[in-house]
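Here are some short exercises to work through with the structure open beside you. Try each task yourself before reading its solution.

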Amino acid sequence: MELRVCQGIVDDAAAICGALVAELRLRKDLLGDDASLDLTQAAVGGALAAPKARREDTARKLEELVAQGALPDGPGIERSVHLARCSDEVAQALELGRLPPPELWCADVPLTVESESAGMLRLLLEGEPRRSMVRALRGVGHEASLQLGQERGRLRALADLARARQNLGTLAAAAARLRRETERREVLQAIAEELRKLGFESAILLAEPEGLVLTHMSYRRPVIDEAMKLVGVRKISELSEHAVDPERQPLLGSLLRSPEPVAPVRAHALLSAIWGRRAPRPVRQKLIELLGLQELLAAPLRGAADSALGILIAAPQNASEEPDLGVLSSFSLQASLALERVLMRERMRAQAKLIDEAVEDRTRFLREANERLQEADRRKDNFLANVSHELRSPLVTMLGYTDLLLAEKMGAVNDRQRQCLQVARSSGKRLRAFIEELLDFSRFELTRESMTFQPFDLAEAVGHALANLQPKFLERRLNVRQRVARGTPRVLGDRERILQVLTNLVTNAERHCRDGGKIVISAQPRPGFVLVSVQDNGTGIPASHVPKIFDRLYQVGDVKDARSREQGLGLGLNIVKSIVEAHGGEVSVESEVGKGSTFSFTLPLAEAKAEAASP
C-alpha cells in the first residue's frame, strides 16, 4: 500500500469529520514491502495545512499511547463505529489540554477489504458527536474501505503484470536454451533449471519401450539420494530398472493421455502409482515432507502426431502464491519440442549406426568375395597362360613337320596326301592364332597393374607395328598407308601396350579385308590428345553388332566374306578397349556393311600432362 493512498484517506477523513487527529491502522500484509509505512499513519485536524513535522510528531505520540494502553490497538474491532470519551492523558499527550476531557471524543471506524477486517480508522473529535456525524463516520469508513480495496486490486494487477512479464522473459530465454541443447542429458538439465526459475521443482517420467521411467529430478543431489533410500534404490542409474507400465497404472495412463495441458494430482496417489509397494503410506508421507509435494501439477509431454513422450511433474515452491498454469502449459510445450528433437536425433543416430554396421558387414562380405574372385581370376589367367604356352610348343612342332612333308623333304607325297597336309597346316595356323590371342589376353591381365607411362613417338610406334605385319600385307597384296606426320606431338603411355593396340586393330582390319584391299592408319592432333584411326574397306560390321563389338569373347557371326569367318576368340578388341581406357582415353568404331570400318582411339599428349602437373 503506497504512502500517498494512506495519507489521502486520513486527510479526507479529518477534513470531512472535522477531526482534530485522524489515524489509520492497517494489517501488516496490506502494507506490503513499503518500509516507510509502519502500523500508523496520522493526520492532525486541518492536515493539509499542518506542517509535516507536526504530523510525524503526532503519529509518534499516538504510537506511545497505544503502547501504554491509553488507546485500544486495532485492527480487531467488529462494531461499525465505536465512540468513547478520551482520557486526560490522551488530551495532554496530544497537547489538547485546552479542551476539557468530556469535550474530546475518540471514534474508531472499522475498515474491510474483500469481506475481511483490514484495519481501523481512528478520529479524535471535538465535542460529542451527533447522529449525523455517526452517519458521516460510517460513510467515511465505507469510502476508505472501497479505496483500500481498489488500491489492493491495483497493486495485485501490477504485481501480476510484472510477474507475467518476468515469466514471458523467462519462457523466451528457456525456449532459446532448449533449442541450443542437442543431448538428452543437457535438455533434461535445462528443463529442471528453467522450471526452477519459474518457481517449480520438477521431475520427468519419460516413455521408454519398457514403460515410464523416472528420468530426471530437479532437487539437490543429497535430497535425491535421501529420497532414493526411502524407496530402496541405491543408485540413480538403477531408476531405469523400475519402469512403470501406464496400462497397469490408471493414474499414469490417464495423465499420459490427458487432453488437458496441465492437471492437478494428489501427491500420495502419484507416488503410489510410480513406486507401488516400495512406497507404503508412511514412506510416501516422508517423501512428501522431504520434497515439499503439498501441491502437484502434471503436464503430458507430446510429440508429433500426438505421440506420448512422457509426463512432466511440477511442484510449486511458493505455497502462498497461486501457480501460473498458463506458464507451465507453455513451458511443457517447449519441453516437448526439445525432447522430441533429442529423441528423434537419438533414433536417427541409432538407425545410422545400424545402417553403418550393415553396410560395413556387407562391404566386408563383398570385399572378401571380390578378393576371392580376383584370386580366382588370377588363377584363371595363370592357367590360360600356362595352357596356351603348353599348347603352342607341340603345335609349333606339328606345323614344322607339316611344312617339311609338304616340301617333300622327307619323301614324295601324292596329291591326296598334299591336300590333307594343307588342311592340317591351315587348321594348325588357325589354332596357333587362337593360342596367340589367348597369350596376349592372359599377358595383359597379369601385367595390367605394371604399365609404365612415358612419352614416346607415335609415328615410330605405328611404323613398328606395320613392319611386323608387312609379310602378311605382301602375301595378300594389301595397300597399307600411314598418315602420321613426323611432327605429330609425342604421346604419354606404355609404348608396348599401345603397340599391342595398333597390332590388334591392324590385324583385325587385315582379317576383314579382301585380297588387294586398303588399310589407312592416321593420327590427328586435338587439344590435349591425339586421335588415332585405323580404316579399312573390308566387309564392315552390321549395326546390331556395333554396341557389343568391344565385349569380351563377342564375335560377329553373320559376315559374308569367307576369309572373315576365320575369326579369333573375340578378345583382341576387348584388350584394345582395356588398354586405351587405362591410358585415360576412349575407343570407338564406325562401320557400314560392304564399305568397311574405322576404329578410333585417343591418347593423351605428353605436353598436356606436363602442363597439368606443373603448379
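**Exercise 1. A residue after a helix**

Task: Find the loop in which R477 lies, and decide whether R477 is buried or exposed.

Solution: This is a predicted model, so keep that in mind throughout. Start with the place: R477 sits in the loop that runs between helix 14 (470-476) and strand 12 (479-483). Next, take the relative accessible area, which is 57% for R477. Exposed means over 50%, so R477 is exposed. Finally, look at the backbone: phi of R477 is positive, near 55°, and R477 is a residue other than glycine.

**Exercise 2. Another positive phi**

Task: Where is E408 found, and what is its phi near?

Solution: Look in the loop between helix 11 and helix 12 (415-446), where you will find E408. The phi of E408 is near 55°, a positive value in a residue other than glycine. Now the accessibility: E408 has 37%, and partly exposed lies between 20% and 50%, so E408 counts as partly exposed.

**Exercise 3. The faces of a helix**

Task: Which residues of helix 10 (residues 281-291) are buried, and why do they line one face of the helix?

Solution: First list the buried residues of helix 10: V283, R284, L287, I288 and L291. Then look down the axis of helix 10: these buried residues fall within an arc of 140°, so they line one face. There is a handy rule behind such patterns: an α-helix has 3.6 residues a turn, so residues three or four places apart point the same way.

Now turn to the other side of helix 10, where R281, P282, K286 and E289 are exposed. To see what the buried residues pack against, look for strand 7 (211-217), helix 7 (221-230) and helix 9 (267-275). Last, step past the end of helix 10: G292 follows, with a positive phi near 65°.

**Exercise 4. A nonpolar patch**

Task: Which residues make a nonpolar surface patch of about 380 Å²?

Solution: The patch is made by Y401, L404, L405 and M410. Pick out Y401, which belongs to helix 11 (residues 325-406). Its relative accessibility is 48%, so Y401 counts as partly exposed.

**Exercise 5. The whole chain**

Task: How many helices and strands does the chain have, and what share of its residues counts as buried?

Solution: Count 17 helices and 17 strands. Of the 615 residues, 43% count as buried. For the surface, the chain exposes about 34,100 Å², with carbon and sulfur atoms supplying 52% of it.

Methods:
Residues are numbered from 1 along each chain as its sequence is written. This is a predicted model: local features need pLDDT of at least 70, side-chain atom pairs count only at pLDDT 80 or more; totals for chains, interfaces and linings use all residues. Side-chain values use heavy atoms; hydrogens and water are left out. Buried means under 20% relative accessible area, exposed over 50%, partly exposed in between (1.4 Å probe, protein chains only). Helices (H or I, at least four residues) and strands (E, at least two) are DSSP runs, numbered from the N terminus. The arc is that of the directions from the helix axis to the C-beta atoms. Contact means heavy atoms within 4.5 Å. Patches are made of residues with over 30% relative accessible area and no salt bridge: like charges are joined within 9 Å, nonpolar side chains (Val, Leu, Ile, Met, Phe, Trp, Tyr) within 5 Å. Accessible areas come from the Shrake-Rupley method with a 1.4 Å probe; for residues, only the protein chains shown count as cover. A salt bridge is a side-chain nitrogen of Lys or Arg within 4 Å of a carboxyl oxygen of Asp or Glu.
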